[in-house]
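Visitor: I would like to go through this structure and ask what lies behind each label. Please set the values against the cut-offs as we go.

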Amino acid sequence: MEERPGDNVPGDERPRDHVPDEPRDHVPEEDLASTREPSEFEEHIKSKTTWLRLLFMIIFVFLYGLSRFVVLAVVVLQFFWVLFTGETNEKLKTFGQSLATYTYQLIRYLTYNSDSRPFPFDDDWPSTVAPPL
């Protein structure tokens with residue numbers, strides 16, 4: 001190995017094959033990770049509102065499934081009411097309309113077409129007036 005100037009400086013205990021220190025403006029990667037800005041992806045992944053929405057979506061998927069069974073019950077009851085009396089039951093008809101509106105609100109929330117959480121969280125039970133299409 002060839003000697004270079006400054007290799008045998010008195011009091012210098014560096015080994016001969018020592019790599020010079022990194023420049024002062026160099027920041028090790030570990031330090032860079034703590035100082036860099038989080039990416040958009042990381043911000044979205046760590047977003048509490050997104051995870052909270054997932055929790056509500058799970059609840060609303062369950063309520064949507066439940067509402068399908070209730071709609072089926074209303075359909076069957078209304079059919080037999082008409083079969084035996086010849087006219088519709090106004091209370092079932094009104095409840096069916098409000099249930100249809102509620103199901104519509106659930107689907108709008110689940111598909112991100114609305115940020116308003118349906119009953120029982122942010123909104124009241126829907127009125128009997130059909131929403132505009």
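**Helix H3 and its partners**

Guide: The buried residues of H3 include Arg-53, Phe-56, Met-57, Phe-60, Leu-63, Ser-67, Val-74 and Gln-78. Buried means under 20% relative accessible area, exposed means over 50%, and partly exposed is in between (1.4 Å probe, protein chains only). This is a predicted model, in which local features need pLDDT of at least 70 and side-chain atom pairs count only at pLDDT 80 or more, while totals for chains, interfaces and linings use all residues. Residues are numbered from 1 along each chain as its sequence is written, and side-chain values use heavy atoms, with hydrogens and water left out.

Visitor: How do you know that the span of helix H3 agrees with its 38 residues?

Guide: Helices are DSSP runs (H or I, at least four residues), numbered from the N terminus. The expected span is 1.5 Å times one less than the number of residues. For residues 48-85 that gives 56 Å, and the end C-alpha atoms are 54 Å apart, so the two agree. Just after H3, Gly-86 has a positive phi of about 85°.

Visitor: What do the buried residues of H3 pack against?

Guide: They pack against helix H4, residues 90-110. Contact here means heavy atoms within 4.5 Å.

Visitor: Why is Arg-53 called buried?

Guide: Its relative accessibility is 10%, and the limit is under 20%, so Arg-53 counts as buried.

Visitor: What makes Arg-53 and Asp-115 a salt bridge?

Guide: A salt bridge needs a side-chain nitrogen of Lys or Arg within 4 Å of a carboxyl oxygen of Asp or Glu. The closest N and O atoms of Arg-53 and Asp-115 are 2.9 Å apart, so the pair qualifies. It links distant parts of the chain, with Arg-53 in helix H3 and Asp-115 in the segment after H4, 62 residues apart. Asp-115 has a relative accessible area of 62% and is therefore exposed.

Visitor: How many salt bridges does a search of the whole structure find?

Guide: It finds two. Asp-122 and Arg-117 also meet in a salt bridge, at 3.6 Å from N to O. Asp-122, at 46%, is partly exposed, and Arg-117, at 22%, is partly exposed too.

Visitor: Which rings does the charged end of Arg-53 sit over?

Guide: It sits over the ring of Tyr-109, 4.0 Å from the centre, and Arg-53 also lies over the face of Tyr-112, at 4.0 Å from the ring centre. The criterion is NZ of Lys or CZ of Arg within 6 Å of the ring centre and within 35 degrees of the ring normal. Tyr-112 lies in the segment after H4, and its phi is near 65°, a positive value in a residue other than glycine.

Visitor: Why is the pair of Phe-60 and Tyr-109 called edge-to-face?

Guide: Rings of Phe, Tyr and Trp (its six-membered ring) pair if their centres lie within 6.5 Å; planes under 30 degrees apart count as stacked, over 60 as edge-to-face and the rest as tilted. The search finds ten aromatic pairs. In this one the centres are 5.2 Å apart and the planes are at 75°, so the pair is edge-to-face. Phe-60 lies in H3 and Tyr-109 in H4, so the pair ties together parts 49 residues apart in sequence. Both Phe-60 and Tyr-109 are buried.

Visitor: What makes Phe-80 and Phe-84 stacked?

Guide: The centres are 6.2 Å apart and the planes differ by 20°, so both limits are met. Phe-80 and Phe-84 are four residues apart in helix H3 and so are separated by about one helical turn. Phe-80 is partly exposed at 41%, whereas Phe-84 is exposed at 67%.

Visitor: Which residues make up the largest nonpolar core?

Guide: The eight residues are Phe-56, Met-57, Phe-60, Leu-63, Tyr-102, Leu-106, Tyr-109 and Leu-110. H3 and H4 each supply at least two of them. Such a core is a set of buried Ala, Val, Leu, Ile, Met, Phe, Trp, Tyr and Cys residues joined through side-chain atoms within 4.5 Å.

Visitor: Where is Ser-98 found, and is it buried or exposed?

Guide: Ser-98 is in helix H4, and its relative accessible area of 4% makes it buried.

Terms used: Helices (H or I, at least four residues) and strands (E, at least two) are DSSP runs, numbered from the N terminus.
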